[in-house]
Amino acid sequence: MNRSGVVLALSFFFLVASHASAQETELPRLREASHAAARDYAAQRALGIALLRAGHYREATAQLRRAAALERRSLDALYDVARVPFAEGDHSASETACRAMARLEKAAPLTQICNARADLVWNRSARAFETLNSALAADPSSYEGLLALGDAHRLRAAIPDAESAYQRAIAARATEADPHLGLGRLYAAAGRQADALRSLRRALELDPTYPDVQYELGRLLSTPEGTAFLQAAVAGRPDWPEAQTALGDALLAARSLAPAAAAYRAAIAARASHAPAHTGLGRVLVAQADYAGAEPELRRALELVQNDGMATLALGDVLAHTEREEEAFETYARAADLDPRNPAGLVRAAALALALHRDVLASGYLDRLLESMPNNAAGLSLYGDIARIRHDTAHARDYYTRALAGDGDLDRPHVEQALRELH
């Protein structure tokens, strides 16, 4: 990226982050407003929703209950209380919140919608559809019902039905971001990136402080803009392990190792059992040559998710760099078994074997690799190295030439220099 591009990306980052952090940094102002107008429902609700968006779930529940106490006959206020366990994925607490609504008005469409949302927490979509159909029969233009219907269809990957429900929700309440967010998630899961970006950018226009929207945009965009969106998402909701991990992944890909490590550590602090964060932190520490620090992180990741191919691959690197070569070979092979589409395990095993002057073993790994990926550039380059060690100039030249036209990562200067040195 040229200098002007970097400046533009940084300017964009500070613009987005300044808006996004409002979800978290506006809390003191909203708390003060809530304290100053203790009997004002709107002030109490505004604080509760901001707390929910910022991920302060326990405080959000207490605050939204406080708001609901000011509107004793309001199903809408009670539904706000239920939004918290919906966001947390807590089915039991969701049902408890819906029962409070049922005590007020059991047959009301919004009470039924609450029950459907509780079912969706456990992915009981069949029950949810039945309940939503009943609620929408009574109130066909219910925004909350149509939004829940869109989410239910999205969870089943029923794209036309989800699109229809979300579009009806947009027609019912044009200024809300959530239906556009739902469409963005729907299209992203279907691999329709352009449609997903269009929907998510519209959601962001409607609600610039929505961390969920920024997170989804950040995951879609492997660019400085995407990293800025992820920075914005964690500014708005700091204790969000998935967003912190996604930010760590983006920073690691950009070789910003110290900030990546900080993001992964924040994810682990938020949820110690979040395996991808342990994997990411381990990978950062490997890149920093801190093998003693990396190993426990990677082993913890594998305790949590035994078939984590990335953690297994990084553990192989730790073993290779700490003179445990036989364990490294086994671990690299296991990484290749776990993720057959990733050539790195077999490439690194072959490279380690060559470094130990075990060219026959290296050939075995490369034969396995090139059988499934015959144009893999790194594998072809390593076979060129083996041929050169064996003084087989013709085959070395052939492998190196094929490597230059091959697929994937390649140490191109090494290959070009090796070709020049062949006699």
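In which helix is the place of Asp359? In this predicted model, Asp359 lies in helix H23, which covers residues 359-372. The side chain of Asp359 forms a polar contact of 2.8 Å with that of Arg390. Apart from neighbours within four places in sequence, Asp359 is in contact with Leu354, Ile386 and Arg390.

Helix H6 spans residues 75-88. Its 14 residues should cover 20 Å at 1.5 Å a residue, and the C-alpha atoms at its ends are 21 Å apart, so the two values agree. At the start of H6, a side-chain oxygen of Ser74 comes to within 3.4 Å of the backbone nitrogen of Asp76. Just after H6, Gly89 adopts a positive phi of about 75°.

H6 is mostly covered, with ten of its 14 residues buried. Among them are Leu75, Leu78, Tyr79, Val81, Val84 and Phe86. Asp80 and Pro85 are also buried. The buried residues of H6 pack against five helices: H4 (41-53), H5 (57-70), H7 (91-105), H8 (109-121) and H10 (143-155).

A further packing pair is formed by helix H25 (residues 393-404) and helix H26 (residues 412-421). Their axes are 10 Å apart, at an angle of about 145°. The crossing of H25 and H26 is left-handed. H25 contributes Arg397, Tyr400, Thr401 and Leu404 to the contact. H26 contributes Arg412, His414, Val415, Glu416, Ala418 and Leu419. Of the residues in this contact, five are nonpolar, two polar and three charged.

Note on methods
Residues are numbered from 1 along each chain as its sequence is written. This is a predicted model: local features need pLDDT of at least 70, side-chain atom pairs count only at pLDDT 80 or more; totals for chains, interfaces and linings use all residues. Side-chain values use heavy atoms; hydrogens and water are left out. Helices (H or I, at least four residues) and strands (E, at least two) are DSSP runs, numbered from the N terminus. The expected span of a helix is 1.5 Å times one less than its number of residues. Buried means under 20% relative accessible area, exposed over 50%, partly exposed in between (1.4 Å probe, protein chains only). Contact means heavy atoms within 4.5 Å. A polar contact is a pair of N or O atoms within 3.5 Å; within protein, one must be able to donate a hydrogen and the other to accept it, and residues adjacent in sequence count only if both atoms are side-chain atoms. Axes are lines fitted to C-alpha atoms, for helices over the stretch in contact, and angles run from 0 to 180 degrees between N-to-C directions. A crossing is left-handed if the near helix is turned anticlockwise from the far one by less than a right angle, and right-handed if clockwise. Ala, Val, Leu, Ile, Met, Phe, Trp, Tyr, Cys and Pro count as nonpolar, Asp, Glu, Lys and Arg as charged, and the others, Gly among them, as polar.
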